[in-house]
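Subject: Structure handover

Dear colleague,

Here is the structure I said I would pass on. My notes on it follow below.

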Amino acid sequence: MDANLSYDLLRNFTTPVVAITAERGGKRNGMISDAATRASIVPDVPRLMILVHKFNYTRDMILDTGRFAVHALHRGQFELIERLGFESGRDRDKLADVPHHVGSLGCPILEDCWAWFECRVINLMDTGSSTCFLGDVVDLGRGPGKEIMSPGYMRANLPESWRQPYLTKLAAAQDWARARSGDVRAVVWRGLKA
Ligand SMILES: Cc1cc2nc3c(=O)[nH]c(=O)nc-3n(C[C@H](O)[C@H](O)[C@H](O)COP(=O)(O)O)c2cc1C
């Protein structure tokens, strides 16, 4: 199999660039992802699925609390991608200067975005390197953003100063994930009401 071809092809199966936020014991946090997909076609049962690497702090927060918020970003949000997506929030409050309010489940809801969705986890799946969370959307809204940030738009317009740090972090995440991809476990979520 051609590994470079696989990456180029699968890159087309990513989703809009999103900020995922969570809150645990008074600590709030957020990260960036391009793996947040619609998981229901029923308008009155909206659902989202997110895939989060196990090394991310946000993943531990979601696993413990059973809630998260997804924000589809708009094309003006490169600075937010750098702030949330390049460093972990384990040792600092990445949302300190990011305007937000608290959602109905307690998750940080960012004021600036294209749209946001607050979710309760109703199931999960282990992929070895990541946890895939299925979320029931309990609240949602539009932000002021006009055009959604796609991964293709982001890559084509990466600020030059980030290109190398972005590629270095991506390669490190790939190595980390490669080493764990075979260790897929059967896991059971705690139930629809958790
Ligand atoms: C463009 C972009 C896309 C990303 N996509 C994902 C993703 O799909 N899944 C993931 O787990 N991390 C993804 N990341 C990496 C996390 O956002 C990053 O590791 C972050 O620092 C985690 O923060 P935390 O430790 O505070 O949760 C992405 C980062 C960027 C910049």
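**The second largest pocket**

The second largest pocket has a volume of about 340 Å³. Please keep in mind that this is a predicted model. The pocket is lined by 19 residues, and those closest to its centre are T37, R38, R47, L48 and F117. Two or more lining residues come from each of β3 (36-38), β4, β5 and β9. Strand β3 gives the largest share of the lining, with 3 residues.

**Helix α2**

Which residues of α2 are buried? They are Y57, T58, R59, M61, I62 and T65. The elements that cover these buried residues include β1 (18-24), β2 (27-33) and β4, and also β5 (67-72), β8 (115-126) and β9 (130-142). Strands β4, β5 and β9 therefore appear both in the cover of α2 and in the lining of the second largest pocket. After α2 comes G66, which has a positive phi, near 70°.

**Aromatic pairs**

How many aromatic pairs does a search of the whole structure find? The search gives 5. One of them joins F55 and W176 in an edge-to-face arrangement, with 4.9 Å centre to centre and 80° between the planes. F55 lies in the loop between β4 (47-53) and α2 (57-65), while W176 belongs to helix α5 (residues 160-180), so this pair ties together parts that are 121 residues apart in sequence. F55 is partly exposed, at a relative accessible area of 30%. W176 is partly exposed as well, at 24%.

Another pair is formed by F78 and Y153. These two rings are tilted, with 40° between the planes and 6.3 Å centre to centre. Because F78 lies in helix α3 (residues 78-85) and Y153 in helix α4 (residues 151-156), the pair ties together parts that are 75 residues apart in sequence. Buried or partly exposed: what are the two partners? F78 counts as buried, at 14% relative accessibility, whereas Y153 counts as partly exposed, at 25%.

F78 and Y153 also belong to a cluster. Ring pairs link them there with F86, W162 and Y166.

**Charges over rings**

W176 has a further partner in R180, whose charged end sits over the W176 ring, 4.0 Å from its centre. A second arrangement of this kind involves R142 and W114: the charged end of R142 sits over the ring of W114, 4.6 Å from the ring centre.

**Cysteines**

How many disulfides does the structure hold? The number is 0. C119 is in no disulfide, and the nearest cysteine sulfur, that of C107, is 8.1 Å away. A disulfide needs the two sulfur atoms within 2.5 Å, so C119 and C107 do not qualify. C119 counts as buried, at 0% relative accessibility.

C132 is in no disulfide either. For C132 the nearest cysteine sulfur is that of C119, 12 Å away. C132 is buried too, with a relative accessible area of 12%.

Regards

Key: Residues are numbered from 1 along each chain as its sequence is written. This is a predicted model: local features need pLDDT of at least 70, side-chain atom pairs count only at pLDDT 80 or more; totals for chains, interfaces and linings use all residues. Side-chain values use heavy atoms; hydrogens and water are left out. Rings of Phe, Tyr and Trp (its six-membered ring) pair if their centres lie within 6.5 Å; planes under 30 degrees apart count as stacked, over 60 as edge-to-face and the rest as tilted. Helices (H or I, at least four residues) and strands (E, at least two) are DSSP runs, numbered from the N terminus. Buried means under 20% relative accessible area, exposed over 50%, partly exposed in between (1.4 Å probe, protein chains only). A charge sits over a ring if NZ of Lys or CZ of Arg is within 6 Å of the ring centre and within 35 degrees of the ring normal. Contact means heavy atoms within 4.5 Å. On a 1 Å grid over the protein atoms alone, a cavity is a set of points where a 1.4 Å probe fits but cannot get out, and a pocket is an open set with protein on both sides within 12 Å along at least five of seven lines; lining residues have an atom within 4 Å of a point. Grid points are joined across faces, edges and corners, and a volume is the space filled by probe spheres set on the points.
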